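Work through the exercises below with the sequence and the 3D structure at hand. Try each task before reading its solution.

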Amino acid sequence: MATQSFNQFPSYPEMIYEALDELNQEGGANKSSITKYIETKYGDLNEDLSKMLPLHLDNMKQNGNLVFLKNNYMKPGPDVPAKRGRGRPPKPKAPLPPGAVESVESAPPKPRGRPRKDPNAPPTSKKPKPAPVPGGPNSTDLGSTTGRPRGRPRKVRPQPAHDDDDDVEES
């Protein structure tokens, strides 16, 4: 078969690295400036660029090949601050010199939530409820101090109305 020469483009990660090197901005470059650079250098890559560039940027960010900070992508380096946030380990703390007194700030944080039950502790017995005293404060009989039972009063059913006029004969 005859060998066909295609206009070979570098891979997307290579194009992204090249764009970051050429743009050489202090705070990194955002997605639109990377896209414009690639379009001017390699021509219009159809809609393939708009679909594939965000995918590759995210993959490179997840792998640690790129750092995403303040809506800009940059290469990781010693001058780039480490990202702290949800799911990240806290900053490593410097060990205390020997003989130094631990302060409240350097003490380990208090554990959160309810403490766990001790599996070796003996089971606790439930306290028996005292028998209600008639006429006492928790009594439900009518002999309480106010003469009324506690709580919401019962619903009273209305009595059917009787018309006595129907039974009486008119004279």
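The model shown is predicted.

**Exercise 1.** State which elements the protein chain has and in what order they run.

*Solution.* Begin with the count: the protein chain has three helices and two strands. Then read from the N terminus on, which gives the order α-α-α-β-β.

**Exercise 2.** Describe the largest nonpolar core and find which helices supply it.

*Solution.* Step one is the membership: this core holds 17 residues. Those that touch the most other members include Ile16, Ile34, Leu53 and Leu66. Step two is the origin: helix 1 (12-23), helix 2 (31-42) and helix 3 (48-63) each supply at least two residues of the core. Helix 1 gives the largest share, five residues. Step three looks at one member, Leu45, also among those touching the most other members. Leaving out residues up to four places away in sequence, Leu45 touches Phe9, Tyr12, Met15 and Ile38.

**Exercise 3.** Is Leu69 buried, partly exposed or exposed?

*Solution.* First locate the residue: Leu69 lies in strand 1 (residues 67-69). Its relative accessible area is 29%. Buried means under 20% and exposed means over 50%, so Leu69 is partly exposed. As a further step, compare sequence and space: Leu69 and Ala29 are 40 residues apart in sequence, and their C-alpha atoms are 9.9 Å apart.

**Exercise 4.** Give the share of buried residues and the accessible surface for the protein chain.

*Solution.* Of its 171 residues, 16% count as buried. The accessible surface is about 16400 Å², and 52% of that belongs to carbon and sulfur atoms.

Conventions
Residues numbered from 1 in each chain as written. Predicted model: local features only at pLDDT ≥ 70, side-chain atom pairs only at ≥ 80, totals over all residues. Heavy atoms only, no water. Core = buried A, V, L, I, M, F, W, Y, C linked by side-chain atoms within 4.5 Å. Buried < 20%, exposed > 50% of the residue type's maximum accessible area, 1.4 Å probe, protein only. Helix = DSSP H or I, 4+ residues; strand = E, 2+ residues; numbered from the N terminus. Contact = heavy atoms within 4.5 Å. Areas by Shrake-Rupley, 256 points an atom, 1.4 Å probe, with all protein chains shown as cover.
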